[in-house]
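Trainee: Please take a close look at one part of this model with me. I would like to go from the strands to what packs on them, then to the space nearby.

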Amino acid sequence: MSSDTIYALASGSGRAGVAVYRLSGADAGAALVQLTRRPLPESRKAVRARLWDSSDELIDDGLVLWFPAPASFTGEDVVELHLHGGRAVALALAEALGRLGLRPAEPGEFSRRAFLNGKLDLTQAEAMADLVEAETAAQRRQALRQMEGGLARLVEEWRSRLVSALAHLEAVIDFADDGIPDGLLERVEGEVAALADVLDSHLADNHRGERLRDGIHIAIIGAPNAGKSSLLNRLAGREAAIVSSTAGTTRDVIEVHLDLLGWPVVLADTAGLRQAACAVEAEGVRRALARAEAADLKLAVFDAGSEGAMVDAATLAVIDDATLVVVNKLDVAEAPLPETIAGRPAVLISARSGAGLDQLVDALGAAVAARFAVGGAPVLTRARHRRAVEEGVAALRRFNPGGAVELAAEDLRLAARALGRIGGRVEVDEVLDVIFHEFCIGK
């Protein structure tokens, strides 16, 4: 049999569960016949069968499914084997498939074949990888939406508009001597400008898609001993940061990854903001301010048990519209606590007892949702999508039919080519290896 037929463990749950193996290629059906010693089953129907190796030793008793091309995931003949998840079964099956001439799949090879056979485009293939890696509900929803072709359809709509504009411009070039309808160039110019504005609006989306894939960054800032590390530990549900009454204990940024009400969050504990006592602490303060500047959201923590903490100038200086104000140590506060600080509502908590933590989590989740909830048109989810759209916009902004019409047409072709790279509508061999090698084996 041909080594172009591949196999892999598509999914499995170990010794106690079921392992699903997938075979794809021209010889997948022949391999199934050899393994089961019986004709191919009815397509797309699970059938119980025994599997044998070449020495007539029983490998396992399980379910097999047959998906003839082109109605399969890869567009090739595909076989699925639902077997017991034990190691001995896996080893015996791999040995039997090897003797039949099948080879193990490379990472992402099933999805790559599906792409090459027109079963999905690059954005859908990437979404499949994102779904496998999804850790939160928001990541799962975004990946599923892209798998269903939302982004692919949007990009193809943009590209179709470009192709239409280019066709009109080519008509101006090719039939200039035959007379061109009045206002044609003006209509093309208006369409190109409108499309450039649409692309710009998608670029100005606060990187929502990428943020959901990689995690939304939240920095905890405040004076030394305000309870930042205790708050981090409470939200993380573990002792991620050292907690001490000694001021300046936290010198570097400490990160934890959280599922915050379904949102992927990277929460960072930072050094206390104050006039540093030494060079090491000064570097910690510098890093804290840099992290606060780069963060998507900030938690500004004030110490309710410290006299004068509410006018902590260093913390007040970094409060902006992306800041939630937190007043900590509610359990030791003696004076009435403010409802607002720097004009922003204050959430009163005790990181030690847990009081007010539910309200803080709800407020933080609402703030994240307000900034990063994905609604309406599909979003760009990867840096390569964004680069392609940026290239497209640059070409459209250069478009000038009042000059050399041929150069204007070339700008439209460049823009269409850039957008085509998002879904794989142009030659993209140089990026395929990078994209599909991010996949796990069996996808």
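Mentor: Start with a definition: two strands count as paired if DSSP finds at least two bridges between them. Keep in mind that this is a predicted model.

Now the sheet. It is open and has 7 strands. Read across, the order is β8-β9-β7-β10-β11-β13-β12, and the pairing is mixed. Look at the two ends of that order. β8 and β12 (340-341) are the edge strands. Each has a single partner strand, so one side of each has no neighbour in the sheet.

Next, one pairing inside the sheet. Strand β7 covers residues 216-222 and runs parallel to β9. The two are joined by 5 bridges. You can find one of these contacts by residue: Ile216 has Val265 of β9 as its bridge partner.

Now add the helices. α12 (residues 357-372) lies across β7, β8, β9, β10 (297-303), β11 (323-328) and β13 (344-348). Against β10, α12 runs at about 155 degrees.

α9 (228-236) is the other helix to follow. Is α9 mostly covered or mostly open? It is mostly covered, with 7 of its 9 residues buried. The buried ones are Lys228, Ser229, Leu231, Leu232, Asn233, Leu235 and Ala236. Their cover includes strands β7, β8, β9 and β10, together with helix α12.

Step off the end of α9. Just after the helix comes Gly237, with a positive phi of about 75 degrees. Gly237 sits in the loop between α9 and β8. Why is Gly237 called exposed? The cut-off for exposed is over 50% relative accessible area. Gly237 has 66% relative accessibility, so it counts as exposed. Compare its position with Leu258: the two are 21 residues apart in sequence, and their C-alpha atoms are 9.5 Å apart.

Finish with the space. The second largest pocket holds about 350 Å³. It is lined by 21 residues, and the closest to its centre are Glu133, Glu135, Gln139, Arg213 and Asp214. Which elements give two or more residues to this lining? They are α4 (122-133), α5 (137-147), α8 (208-214), β8 (254-260) and β9 (263-269). Two of the sheet strands, β8 and β9, are therefore on both lists. By class, the lining has 8 nonpolar, 5 polar and 8 charged residues.

Terms used: Residues numbered from 1 in each chain as written. Predicted model: local features only at pLDDT ≥ 70, side-chain atom pairs only at ≥ 80, totals over all residues. Heavy atoms only, no water. 1 Å grid on protein atoms, 1.4 Å probe; cavity = no way out; pocket = protein on both sides within 12 Å on 5 of 7 lines; lining within 4 Å. Points joined across faces, edges and corners; volume = space filled by probe spheres on them. Helix = DSSP H or I, 4+ residues; strand = E, 2+ residues; numbered from the N terminus. Nonpolar A, V, L, I, M, F, W, Y, C, P; charged D, E, K, R; others polar. Buried < 20%, exposed > 50% of the residue type's maximum accessible area, 1.4 Å probe, protein only. Contact = heavy atoms within 4.5 Å. Axes fitted to C-alpha atoms, helices over the stretch in contact; angles between N-to-C directions.
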